[in-house]
Amino acid sequence: MNKNHPLEYHDLARIQIDTAIELYEVNNFVSALTLAGAGEDITGKLLIRIEKKPILHELQESIGQKTDASAKDIADSLNLIRNGFKHMVEAICELDIDVELQARILIMRAVSNYCLLQNQKTDAMDRFLDMFEKCTTNA
């Protein structure tokens, strides 16, 4: 990409998500989680602008049907680790966190939003999804 080329937000999100996947593939889960969270946030906001529902809202509705928790409490819970890292919440460092799983979940959420927004996947996204499709078909 030309360094002087204007960057659109969906491009920024794609770069963040693809880089998150590359970092995940080399076991850099903390960085993958952080970048995937940023990509998910951007794609979620872009989806709302075009009146489509981001994955976070889908999860809030689905979980909300099975619990009395508010949509805000559900979102806070789903974003606990990401926001804890992002905002330096000291208590997060005291938790026993499966960072690999948290990174995988956030990448999945980011990819879901990106696909809904752009109606396509990148090679990195296909590779990531294939990695877990093989796990479920071999189970």
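Helices here are DSSP runs of H or I with at least four residues, numbered from the N terminus. The model is predicted. Helix α6 offers a simple case of pairing within one such run. E100 and R104 both lie in α6, four residues apart, which is about one turn of the helix. Their side chains meet in a salt bridge, with 3.6 Å from N to O. E100 is partly exposed, at 33% relative accessibility. R104 is also partly exposed, with a relative accessible area of 25%.

Other salt bridges link separate helices. The structure holds nine salt bridges. Side chains of opposite charge can pair when their charged atoms come close. The side chains of R82 and E40 form one such bridge, at 2.9 Å from N to O. R82 lies in helix α5, residues 80–86, and E40 lies in helix α2, so this pair ties together parts that are 42 residues apart in sequence. Both R82 and E40 are buried. The side chain of E40 also meets that of R109 in a salt bridge, at 2.8 Å from N to O. R109 lies in helix α6, so its pairing with E40 in α2 ties together parts that are 69 residues apart in sequence. R109 is buried, with a relative accessible area of 5%. For E40 the relative accessible area is 4%, and this residue too is buried. Salt bridges that share partners join E40, R82 and R109 into one network.

The residues of this network also appear in the lining of a pocket. Rolling a probe the size of a water molecule over the atoms shows where empty space is left. The largest pocket has a volume of about 150 Å³. Its lining includes E40, R82 and R109. D41, G44, K45, I48, P54, L56, H57, N79 and N113 also line this pocket. Three helices, α2 (29–49), α3 (55–64) and α6 (99–118), each supply at least two residues of the lining. Helix α2 gives the most, with five residues. By class, the lining has five charged, four polar and three nonpolar residues.

Helix α2 was then examined along its length. At 1.5 Å a residue, its 21 residues should span 30 Å. The end C-alpha atoms of α2 are 30 Å apart, which agrees with that expectation. Many positions in the helix are listed as buried. Among them are F29, A32, L33, A36, G37 and G39. E40, I42, T43, G44, L46 and L47 are buried as well. What covers the buried residues of α2 includes α1 (9–25), α3, α5 and α6. Just after α2, E51 takes a positive phi of about 60°.

Helix α1, one of the elements that cover α2, was treated in the same way. Its 17 residues should span 24 Å at 1.5 Å a residue. The end C-alpha atoms of α1 are 24 Å apart, which agrees. The buried residues of α1 are D11, A13, Q16, I17, D18, A20, I21, L23 and Y24. N27 follows α1 and has a positive phi, near 65°.

Two further residues show contacts toward the end of the chain. M108 is found in helix α6. At 28% relative accessibility, M108 counts as partly exposed. Not counting residues up to four places away in sequence, M108 touches F128, L129 and F132. The C-alpha atoms of M108 and P6 are separated by 27 Å, and the two residues are 102 residues apart along the chain. T122 is found in the loop between α6 and α7 (123–137). T122 is buried, with a relative accessible area of 13%, as buried means under 20%. With residues up to four places away in sequence left out, T122 touches R14, D18 and Y114. Of these partners, D18 is one of the buried residues of α1.

Conventions:
Residues numbered from 1 in each chain as written. Predicted model: local features only at pLDDT ≥ 70, side-chain atom pairs only at ≥ 80, totals over all residues. Heavy atoms only, no water. 1 Å grid on protein atoms, 1.4 Å probe; cavity = no way out; pocket = protein on both sides within 12 Å on 5 of 7 lines; lining within 4 Å. Points joined across faces, edges and corners; volume = space filled by probe spheres on them. Nonpolar A, V, L, I, M, F, W, Y, C, P; charged D, E, K, R; others polar. Salt bridge = Lys/Arg side-chain N within 4 Å of Asp/Glu carboxyl O. Buried < 20%, exposed > 50% of the residue type's maximum accessible area, 1.4 Å probe, protein only. Expected span 1.5 Å × (residues − 1). Contact = heavy atoms within 4.5 Å.
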